[in-house]
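Hello,

Here is the structure I promised to pass on to you. Please have a look at it first, and then read on for my notes.

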Amino acid sequence: MTFTATAEAMTMTTTATATATATTSTGGAADASGLSGLPDVPCPRELSTGDARELTRIFFERLHSLEEGTQEYQYVRNTLIEMNISLVQFAARPFRDRPGGPENEDIVQVGVIGLIKAIDRYDPERNTQLTTLALPYITGEIKRHFRDTTWAVRVPRRLQELRLELAKATEELTSETDHAPTPAELAERLDLTEDEVRQGLVAANGYSTQSLDVPQENAGSGSQASTAAGGSLTLGDTMGDLDPALEAVEDRHALAPLLAGLDERCSQILELRFGQEMTQAEIGAEIGLSQMQVSRLLTRTLGTLREELLQG
């Protein structure tokens, strides 16, 4: 939800009462301002459903006779918004289990934006209830809010919508087959390719994230269940990492047959240089060669091994 949208909703919902008070407190001025004949509504939000429906009809009839932008127009429009805030609360109920549900003031403000749009577009001459138009607008604004602001990782709208379709299809197939559906089964149900299904499943992981510092309450007992400080293991503590020694295992496995093919002197030089970490001068004294000869043999042997490894 953008700051501008929130500000507009808050402005519309908080100024209605102030406008009404300012208008009615002038007594006869209200009659002169074009509001004569309208019922006095000191607390629009506290009206019963029946009273709100009847007063909504009356206020809409007056709204369309007033000039847009005038103080009288704003008073009638704001009162209509206040009288129908209950529609926002009703439309927000199905979202109570989502992060930032109807108890969150942001969701109410988003719903008010939808209510404002519905009031501005409502035509009483069509003989339809405001509810019929307002609920889709309110619900649409709330869904747009969740789509645009609640994903931990932003993904294309197509994948956001696919996530909902996959969730529904997964629930249906699970109840029908008593097992979690495979990507192939989901693809058949939704008339998609398996690649599209897998892409949607991967994208669904971006809806919410979990901190690596979250304690793992179900960790095992003993030393593996606590950190060095005695607290619970975090998610980060339980995640493995790549062991750099694994690459060395592969290299040694590939190098073993090549080393076995070297002559005795080259093998001895490699052992003394890398196994016992002797200098080239010490190796020369050990096997009866000069330091320069040892250097040349070592360079040639390592170059040959490198080429054979790359070719393999």
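Below is what I found, taken by topic.

Before anything else, please keep in mind that this is a predicted model.

**The nonpolar cores**

I started with the interior. The largest nonpolar core has 46 residues, and the members that touch the most others are Phe59, Val76, Leu80, Leu115, Ile138 and Ile142. Helices H3 (49-63), H4 (71-83), H5 (85-92), H6 (105-121), H7 (130-149), H8 (157-177), H9 (183-190) and H10 (194-204) each give two or more residues to this core. Among these, H6 gives the most, with 8 residues. As general background, nonpolar side chains in soluble globular proteins tend to be buried together.

If you would like one residue to centre your view on, try Ile138. What does Ile138 touch once its neighbours within four places in sequence are left aside? Its contacts are then Leu87, Val88, Ala91, Gly111, Gly114 and Leu115. Of these partners, Leu115 is also one of the core members that touch the most others.

There is also a second, separate core, made up of 10 residues, with Leu272, Val294, Leu297 and Leu305 among them.

Tyr75 is another residue to look at while you are in this part of the model. Tyr75 sits in helix H4 and is buried, at 3% relative accessibility. From its C-alpha atom to that of Phe59 the separation is 10.0 Å, and the two residues are 16 apart along the chain.

**Salt bridges**

Searching the whole structure gives 10 salt bridges. I will describe three of them.

The first joins the side chains of Glu82 and Arg45, with an N to O distance of 2.8 Å. This pair links distant parts of the chain: the two residues are 37 apart, with Glu82 in helix H4 and Arg45 in the loop between helix H2 (28-35) and H3. Buried or exposed, which is Glu82? Glu82 is buried, because its relative accessible area is 4% and the cut-off for buried is under 20%. Its partner Arg45 is partly exposed, at 48% relative accessibility.

The other two share a residue, Arg57. The side chain of Arg57 meets that of Glu54 in a salt bridge of 2.4 Å, N to O, and Arg57 also forms one with Glu61, where the closest N and O atoms are 3.0 Å apart. Glu54, Arg57 and Glu61 are thus linked in a network of salt bridges.

How are these residues spaced? Glu54 and Arg57 are 3 residues apart in helix H3, so about one helical turn separates them. Arg57 and Glu61, both in helix H3 too, are 4 residues apart, again about one turn of the helix. Each member of the network counts as partly exposed: Glu54 at 38% relative accessibility, Arg57 at 41% and Glu61 at 48%.

**The largest pocket**

The largest pocket holds about 520 Å³ of space. It is lined by 23 residues, and the closest to its centre are Arg53, Thr56, Asn84, Gln129 and Thr131. Which elements give two or more residues to this lining? They are H3, H4, H5 and H7, and H3 gives the most, with 7 residues. By type, the lining divides into 9 nonpolar, 9 polar and 5 charged residues.

H3 therefore turns up in several of these notes, because the helix gives two or more residues to the largest core, holds Glu54 and Arg57, and gives the most to the pocket lining.

**Two backbone angles to check by eye**

Most residues other than glycine have a negative phi. Two residues here have a positive value instead.

- Asp178, in the loop between H8 and H9, has a phi near 60 degrees. Asp178 is exposed, at 70% relative accessibility.
- Glu277, in the loop between helix H13 (264-275) and helix H14 (280-287), has a phi near 55 degrees. Glu277 is exposed as well, with a relative accessible area of 66%.

That is the full set of notes from my side. Happy viewing, and do write back with any thoughts.

Best wishes

Note on methods
Residues numbered from 1 in each chain as written. Predicted model: local features only at pLDDT ≥ 70, side-chain atom pairs only at ≥ 80, totals over all residues. Heavy atoms only, no water. Core = buried A, V, L, I, M, F, W, Y, C linked by side-chain atoms within 4.5 Å. Buried < 20%, exposed > 50% of the residue type's maximum accessible area, 1.4 Å probe, protein only. Contact = heavy atoms within 4.5 Å. Salt bridge = Lys/Arg side-chain N within 4 Å of Asp/Glu carboxyl O. 1 Å grid on protein atoms, 1.4 Å probe; cavity = no way out; pocket = protein on both sides within 12 Å on 5 of 7 lines; lining within 4 Å. Points joined across faces, edges and corners; volume = space filled by probe spheres on them. Nonpolar A, V, L, I, M, F, W, Y, C, P; charged D, E, K, R; others polar.
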